[in-house]
Amino acid sequence: MLRKMLVAAAISAACVSPAFAQADMVCDQAGMTRLETDVGQITDTGRKEMAQKELAMAKEALAANDEEKCKSHMANAMKGKDPM
């Protein structure tokens, strides 16, 4: 019983963490600059290319004042930065 509860807690924590990370993300020029630096440090070509595309879309969303779309693309770019 305790094991099932611990597994359920771990699964829910894994699902909720990305949502909190996106909520803490700030879609502004400073955030873009930090993200550009992180993306520039990616060594895997495939991940870097994906992250650069997401970063470009985040910049477009920032210019259009679409904060939710901007945060979504920033989160996707960050996924390219961190191997899963």
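**Notebook: a disulfide and four helices**

I began at the link of C27 and C70, which turns out to be right-handed, with 90° about the S-S bond. A reminder to myself before going on: this is a predicted model.

Next I looked up how far apart the two sulfur atoms sit, and found 1.7 Å between those of C27 and C70. I then searched the whole structure for disulfides, and the search came back with one. This pair ties together distant parts of the chain, 43 residues apart. C27 lies in the loop between helix 1 (2–24) and helix 2, while C70 belongs to helix 4 (residues 67–81).

Are C27 and C70 buried or exposed? I checked each in turn. C27 has a relative accessible area of 13%, and the cut-off for buried is under 20%, so C27 is buried. C70 comes out at 0% relative accessibility and therefore counts as buried too.

**Around C70**

I wanted to know what comes close to C70 in space, and one residue I looked up was E60. E60 is 10 residues from C70 in sequence, and their C-alpha atoms are 7.8 Å apart. E60 is part of helix 3. With 57% relative accessibility, E60 counts as exposed, whereas C70 is buried.

**The whole chain**

Stepping back, I counted the elements. The protein chain has four helices and zero strands, and from the N terminus on the order reads α-α-α-α. Of the 84 residues in the chain, 23% are buried. The exposed surface amounts to about 5,900 Å², and 59% of that is supplied by carbon and sulfur atoms. I also looked at contacts with a separation of 6 or more: residues 24 or more positions apart account for 65% of them.

**Helix 2 against helix 3**

At what angle do helix 2 and helix 3 pack? Helix 2 (residues 29–40) and helix 3 (residues 45–63) meet at about 170°, and their axes are 10 Å apart. An angle over 145 degrees counts as roughly antiparallel, so that is how these two helices run relative to each other.

I noted down who makes the contact. Helix 2 brings Q29, M32, L35, E36, V39 and G40. From helix 3 come K48, A51, Q52, L55, A58, K59 and L62. Sorted by character, the residues of this contact are seven nonpolar, three polar and three charged.

**A closer look at V39**

I picked V39 out of that list, a residue of helix 2. Its relative accessible area is 3%, so V39 is buried. Which residues does V39 touch, leaving aside its neighbours within four places in sequence? I found K48, A51 and Q52 in contact with V39, and these three are among the helix 3 residues listed above. I also looked up M78: V39 and M78 are 39 residues apart along the chain, yet their C-alpha atoms are separated by 7.8 Å.

**N65, a backbone oddity**

My last stop was N65, in the loop between helix 3 and helix 4. N65 is not a glycine, but its phi is positive, at about 60°. Is N65 buried or exposed? The relative accessibility of N65 is 70%, and the cut-off for exposed is over 50%, so N65 counts as exposed.

Technical notes:
Residues are numbered from 1 along each chain as its sequence is written. This is a predicted model: local features need pLDDT of at least 70, side-chain atom pairs count only at pLDDT 80 or more; totals for chains, interfaces and linings use all residues. Side-chain values use heavy atoms; hydrogens and water are left out. Axes are lines fitted to C-alpha atoms, for helices over the stretch in contact, and angles run from 0 to 180 degrees between N-to-C directions. Angles under 35 degrees count as roughly parallel, over 145 as roughly antiparallel, 65 to 115 as roughly perpendicular and the rest as oblique. Contact means heavy atoms within 4.5 Å. Ala, Val, Leu, Ile, Met, Phe, Trp, Tyr, Cys and Pro count as nonpolar, Asp, Glu, Lys and Arg as charged, and the others, Gly among them, as polar. Buried means under 20% relative accessible area, exposed over 50%, partly exposed in between (1.4 Å probe, protein chains only). Accessible areas come from the Shrake-Rupley method with a 1.4 Å probe; for residues, only the protein chains shown count as cover. A disulfide is a pair of cysteine sulfur atoms within 2.5 Å.
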